[in-house]
Amino acid sequence: MRKAFFDGTHRTRRPGETWAALRPLLAVYGITRVADVTGLDDLGIPVTMAVRPLARTLSVAQGKGATLDAARVSGALEAIEAWHGERAVPAAVERAPAAALRLPYPVAALETHPGSLLTPRTVLDWITARSALDGTTVPVPAACVRLGRQTHDRWRLHLPSASTNGLASGNTTAEAVVHALYEVIERDAVSDLTGPAPEGRPQRIDPGSVSDPHCASLIERVRQAGAWLELWHLPSRFGVPVMAAYLWREDQAALLVSGSGAHLDPHIALSRAVTEAAQSRLTAITGSREDVHPATYRDGGHQGPADAADPGADWGQIAARYAAGFDTHEREAGHLAARIASVTGAAPLVVDLTHGPYETGVFSVVKVVAPHLRYDSRHVIPRPRQERTSARPSQETAT
């Protein structure tokens, strides 16, 4: 299916059409409210929160977008994705150690908790995934997909870990897979900022050089609100543009919020980074998330980050390095999967969570499991070259 919407993202349906189809289904997934919280801040970048009181994970999800309809869809689908991760994971087809299976990846290359004792001899429950490259079936541990905490009557050792990294939705399955692949690529690049050997040097961007109308409008909204904004182009071993944005304002002096985004079109990657930073700021303002650190709300004793000595690199030169152009999500997903496989030696794996009784025909939810990709479960985006900052807030947060 060809793409039909290109304002800050690529979708096969316009956000208003998707929202009209989603709205009657919200109660099915325990969503009691999708609230427009944009007006609680004065940046003017649309942000919503979707409330799901009976969640087995976080009970509030956030959404952002170029328009209110896009933000509504984003928030609702974020909550719907988590619901599927909690309740729609396929049944296990086998219980065995990895050594007894013919896996195209080492089990130790999966996402695990720090200090995990996972080995090829660990007995795990396995579900069926499909290769994002050629569609062949591949076993993956159910523990890499299932989210949430619930009571049960048998002891389980959670060695592989599950997170929302690679959990994504879309109007179609291919659209969902594309968004999931971008997320694992983005998180890999962000996690590299804390590693000992980054793939290259991050490059700070001059916000004034951004001429793309959509991104320039977002930057101007932040500037008009008197907020401090810093933009970065991050290195990625997959050759996909990854951008980060850092946002600070004196009314939340203890908080330096951040956002990141990845997309073959660098303008969309930048848009995602800026809107996610605005979403992170409103997450703290609403106070509705269980995982916001208390230090976020401390008063006094904080100064804003120091400005850099130079304006930064020209956005036009950065954007010109990349050539983007896929008219369908199917082709885009194949391209991204091939890039990941060529670098890591293992194809990303897709678990369909809108299968059988969970299929609606309105949206699709998938979980992409990507062996060998890095992920910092804290989802903190360290500010590059922080040693040049004379004073900075004590918390850096992304949601």
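A residue counts as buried when its relative accessible area is under 20%. This cut-off is applied in the legends below to a predicted model.

**Figure 1. Overall fold of the predicted chain.** The chain comprises seven helices and 14 strands. Its radius of gyration is 20 Å, close to the 21 Å that the globule rule gives for 399 residues, so the chain is as compact as a globular protein of that length. The C-alpha trace spans about 60 × 45 × 45 Å along its principal axes. Among contacts with a separation of 6 or more, 68% join residues that lie 24 or more positions apart.

**Figure 2. Surface and charges of the chain.** Of the 399 residues, 55% count as buried. The chain exposes about 17,400 Å², and carbon and sulfur atoms supply 50% of that area. The chain carries 41 positive and 42 negative charges, and the mean positions of these two sets are 4 Å apart.

**Figure 3. The aromatic pair of tyrosine 29 and tryptophan 83.** The structure holds three aromatic pairs. In one of them, tyrosine 29 and tryptophan 83 meet edge-to-face, at 5.0 Å centre to centre and with 80° between the planes. The pair links distant parts of the chain: tyrosine 29 lies in the loop between α1 (15-22) and β1 (33-36), whereas tryptophan 83 belongs to helix α2 (residues 68-87), 54 residues apart. Tyrosine 29 has a relative accessible area of 5% and is therefore buried. Tryptophan 83 has a relative accessibility of 14%; because this value is under 20%, the residue counts as buried.

**Figure 4. The aromatic pair of tyrosine 29 and phenylalanine 363.** The ring centres of tyrosine 29 and phenylalanine 363 are 5.8 Å apart and the ring planes stand at 65°; because planes over 60 degrees apart count as edge-to-face, the pair is assigned to that class. This pair also links distant parts of the chain, with tyrosine 29 in the loop between α1 and β1 and phenylalanine 363 in the loop between β12 (349-352) and β13 (364-369), 334 residues apart. Both tyrosine 29 and phenylalanine 363 are buried.

**Figure 5. The aromatic cluster around the two pairs.** Tyr29, Trp83, Tyr358 and Phe363 form one aromatic cluster. Within this cluster, Tyr29 pairs edge-to-face with Trp83 and also edge-to-face with Phe363.

Definitions and conventions: Residues numbered from 1 in each chain as written. Predicted model: local features only at pLDDT ≥ 70, side-chain atom pairs only at ≥ 80, totals over all residues. Heavy atoms only, no water. Helix = DSSP H or I, 4+ residues; strand = E, 2+ residues; numbered from the N terminus. Rg over C-alpha atoms; globule rule 2.2 N^0.38 Å. Buried < 20%, exposed > 50% of the residue type's maximum accessible area, 1.4 Å probe, protein only. Contact = heavy atoms within 4.5 Å. Areas by Shrake-Rupley, 256 points an atom, 1.4 Å probe, with all protein chains shown as cover. Lys, Arg positive; Asp, Glu negative; His and termini not counted. Charge placed at Lys NZ, Arg CZ, Asp CG, Glu CD. Phe/Tyr/Trp six-rings, centres within 6.5 Å; stacked < 30°, edge-to-face > 60°.
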